[in-house]
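Me: I am in my first year and would like a close look at a single part of this protein, the packed interior and the open space beside it. Could you take me through that part slowly, beginning with the overall layout?

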Amino acid sequence: MRGGRAERSETPGCLVVVRQPLKAPDPAAQRDWVSTVLRALDGDATPPEGLLTANFFAGRDGASVYNLAEWTSAEAHRTALTIGRHGPYGSIGFSDLWRAAREHPAITAEHEVRRHARHGALVSA
């Protein structure tokens, strides 16, 4: 789908993979939710510290969206989630833009988060 990138040159230390389910399969809702999140990322006066890139992929079945985000560290991601709250879940922002992303009518409140630490880099020959 699309992605966003902070203006930073730091080396990623963690890949955060989020699977955001939708209430019902709907490719238009997938695109709309990603646009809402990108507006929040681009419009936040204080972007999350440690976020380097965020890339979004639509599930082929139309029922979920995957966010693959590079962070400086897993701890930076955990810290960013303490900025805002949405029910029992953390949120990397608390502005109206972030509230719109977390309360989007097409998504479920539940989502999956996996953090993968960087252990090295592969280099192509």
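Reply: In this predicted model, the protein chain has three helices and seven strands. Read from the N terminus, these elements follow the order β-β-α-β-β-α-β-β-α-β. Of the 125 residues of the chain, 40% count as buried. Among contacts between residues at least 6 apart in sequence, 70% join residues at least 24 apart, and the part described below offers examples of such pairing across the sequence.

Let us begin with the nonpolar core. In soluble globular proteins, nonpolar side chains tend to be buried together. The largest nonpolar core here holds 24 residues, and those that touch the most other members are Trp33, Val37, Leu41, Phe56, Trp71 and Trp98. Two or more residues come from each of β2, α1, β3, β4, α2 (74-80) and α3, and the element that gives the most to this core is α1, with seven residues.

Two of those core residues deserve a longer look, namely Trp33 and Phe56. The count of aromatic pairs comes to one, and Trp33 and Phe56 form it in an edge-to-face arrangement, with 6.3 Å from centre to centre and 85° between the planes. Their pairing links distant parts of the chain, since Trp33 sits in helix α1 and Phe56 in strand β3, 23 residues apart. Are these two rings buried or exposed? Trp33 has a relative accessible area of 6%, so it is buried, and Phe56 is buried because its relative accessible area is 1%.

From another member of the core, Trp98, we can move to a residue outside the helices and strands. Asp44 lies in the loop between α1 and β3, and its relative accessibility is 14%, which means that it counts as buried, the limit being under 20%. In sequence Asp44 and Trp98 are 54 residues apart, whereas in space their C-alpha atoms are 8.2 Å apart. When neighbours within four places in sequence are left aside, Asp44 is in contact with Ile92, Gly93, Leu97 and Trp98.

One of those contacts, Ile92, leads us to the open space. Rolling a probe the size of a water molecule over the atoms shows where empty space is left. The largest pocket has a volume of about 380 Å³. Its lining is made of 23 residues, and Val18, Asn67, Leu81, Ile92 and Arg102 lie nearest the centre. By type, the lining divides into 16 nonpolar residues, six polar and one charged. At least two lining residues are supplied by each of β2 (14-21), α1 (27-43), β3 (51-58), β4 (64-71), β6 (89-91) and α3 (96-102). If you compare these names with the core, you will find β2, α1, β3, β4 and α3 among the elements that give residues to both.

Finally, Val18, one of the residues nearest the centre of the pocket, takes us to strand β7 (residues 112-117), where Val113 is found. Not counting residues up to four places away in sequence, Val113 touches Val16, Val17, Val18 and His77. Val113 and Tyr66 are 47 residues apart in sequence, and their C-alpha atoms are 9.9 Å apart in space. Unlike the buried Asp44, Val113 counts as partly exposed, because its relative accessibility is 25%.

Note on methods:
Residues are numbered from 1 along each chain as its sequence is written. This is a predicted model: local features need pLDDT of at least 70, side-chain atom pairs count only at pLDDT 80 or more; totals for chains, interfaces and linings use all residues. Side-chain values use heavy atoms; hydrogens and water are left out. On a 1 Å grid over the protein atoms alone, a cavity is a set of points where a 1.4 Å probe fits but cannot get out, and a pocket is an open set with protein on both sides within 12 Å along at least five of seven lines; lining residues have an atom within 4 Å of a point. Grid points are joined across faces, edges and corners, and a volume is the space filled by probe spheres set on the points. Helices (H or I, at least four residues) and strands (E, at least two) are DSSP runs, numbered from the N terminus. Ala, Val, Leu, Ile, Met, Phe, Trp, Tyr, Cys and Pro count as nonpolar, Asp, Glu, Lys and Arg as charged, and the others, Gly among them, as polar. A nonpolar core is a set of buried Ala, Val, Leu, Ile, Met, Phe, Trp, Tyr and Cys residues joined through side-chain atoms within 4.5 Å. Buried means under 20% relative accessible area, exposed over 50%, partly exposed in between (1.4 Å probe, protein chains only). Rings of Phe, Tyr and Trp (its six-membered ring) pair if their centres lie within 6.5 Å; planes under 30 degrees apart count as stacked, over 60 as edge-to-face and the rest as tilted. Contact means heavy atoms within 4.5 Å.
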